[in-house]
Amino acid sequence: MLDLIQGVSRRSALSRIAWFILRMRNHLPCTDTDPDTYKFIIPRNDIADHLGLSPETVCRGLMELKRRQAIEMPTRRTIRFRSVAQVSKIAKCQG
């Protein structure tokens, strides 16, 4: 619980989303075709509820991470980390 409180307190929406996907990375199953691509099985509504954001903000945040080339989302249900270091840097930003 303390990890969650520290994860969402005093952070921008983008850093919350980056923090969340980094935290979930080890729990997501890999796709059958590419071991570097993960099945992103968590609905955006659930992510939004968990982080105290709206689903629209979660979608915009994921698009911003894509724009910054930190992640790729080949399909709506998959995610590939292009730069874990960049996602980590965004996750640590206070906002």
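# Reading helix packing and an aromatic pair

Mentor: Let us begin with a single residue: Gln69, at 47% relative accessibility, counts as partly exposed, a class that lies between buried, under 20%, and exposed, over 50%. Please keep in mind throughout that this is a predicted model.

Trainee: Where in the chain is the place of Gln69, and what is its phi?

Mentor: Gln69 sits in the loop that runs between α4 (55-67) and β2 (71-72). Its phi is positive, about 60 degrees, although Gln69 is not a glycine.

Trainee: How many helices and strands does the protein chain have, and what pattern does it follow?

Mentor: There are five helices and three strands in the protein chain, and reading along the sequence one finds the order α-α-β-α-α-β-β-α. Of its 95 residues, 38% count as buried. If one takes the contacts between residues at least 6 apart in sequence, 54% of them join residues at least 24 apart.

Trainee: What describes two packed helices?

Mentor: The general idea is that one gives the angle between the two axes together with the distance between those axes. Here, helix α2 (residues 13-24) and helix α5 (residues 84-92) have axes that come within 7 Å and cross at roughly 130 degrees. That angle makes α2 oblique to α5, because it falls neither in the range of 65 to 115 degrees, taken as roughly perpendicular, nor over 145, taken as roughly antiparallel. The crossing of α2 and α5 is left-handed.

Trainee: Which residues in α2 and α5 meet?

Mentor: From α2 come Leu14, Ser15, Ala18, Trp19, Ile21 and Leu22, and from α5 come Val84, Val87, Ser88, Ile90 and Ala91. Sorted by class, this contact of α2 with α5 has nine nonpolar residues, two polar ones and no charged ones.

Trainee: Is Ala91 buried or exposed, and with which residues is it in contact?

Mentor: Ala91, which is found in helix α5, is buried, with a relative accessible area of 4%. Once its neighbours within four places in sequence are left aside, Ala91 is in contact with Arg11, Ser15, Ala18, Trp19 and Leu22. Ala91 and Ser15 are separated by 76 residues in sequence, while their C-alpha atoms are 4.2 Å apart in space.

Trainee: At what angle do α2 and α4 pack?

Mentor: α2 and α4 pack at an angle of about 80 degrees, and their axes are 9 Å apart, which makes α2 roughly perpendicular to α4. In this contact, Ala13, Leu14, Ile17, Ala18 and Ile21 in α2 meet Thr57, Val58, Gly61, Leu62, Glu64 and Leu65 in α4. The residues of the contact divide into eight nonpolar, two polar and one charged.

Trainee: How do the axes of α2 and α3 cross, and is the crossing left-handed or right-handed?

Mentor: The axes of α2 and helix α3 (residues 44-51) come within 11 Å and cross at roughly 115 degrees, and the two helices are therefore roughly perpendicular to each other. α2 passes α3 in a right-handed crossing. The contact is made by Arg16, Ile17, Trp19, Phe20 and Arg23 of α2, together with Ile47, His50 and Leu51 of α3. By class, the contact of α2 with α3 has five nonpolar residues, one polar residue and two charged residues.

Trainee: What describes a pair of aromatic rings, and how many such pairs does the structure hold?

Mentor: A ring pair is described by the distance of the centres and the angle of the planes. The structure holds one aromatic pair: the rings of Tyr38 and Phe81, whose centres are 6.0 Å apart and whose planes stand at 75 degrees, so the pair is edge-to-face, a class that needs an angle over 60 degrees. The pair links distant parts of the chain, with Tyr38 in strand β1 (residues 37-39) and Phe81 in strand β3 (residues 78-81), 43 residues apart. Tyr38 is buried at a relative accessible area of 13%, and Phe81 counts as buried at 11%.

Trainee: Which residues does Thr78 touch?

Mentor: Thr78, whose place is in strand β3, is buried, with a relative accessible area of 12%. Not counting residues up to four places away in sequence, Thr78 touches Thr31, Thr37, Tyr38, Phe40, Glu72 and Met73. Thr78 and Thr37 are 41 residues apart in sequence, and the distance between their C-alpha atoms is 6.5 Å.

Terms used:
Residues numbered from 1 in each chain as written. Predicted model: local features only at pLDDT ≥ 70, side-chain atom pairs only at ≥ 80, totals over all residues. Heavy atoms only, no water. Axes fitted to C-alpha atoms, helices over the stretch in contact; angles between N-to-C directions. Helix = DSSP H or I, 4+ residues; strand = E, 2+ residues; numbered from the N terminus. Parallel < 35°, antiparallel > 145°, perpendicular 65-115°, else oblique. Left-handed = near helix turned anticlockwise from the far one by under 90°. Contact = heavy atoms within 4.5 Å. Nonpolar A, V, L, I, M, F, W, Y, C, P; charged D, E, K, R; others polar. Phe/Tyr/Trp six-rings, centres within 6.5 Å; stacked < 30°, edge-to-face > 60°. Buried < 20%, exposed > 50% of the residue type's maximum accessible area, 1.4 Å probe, protein only.
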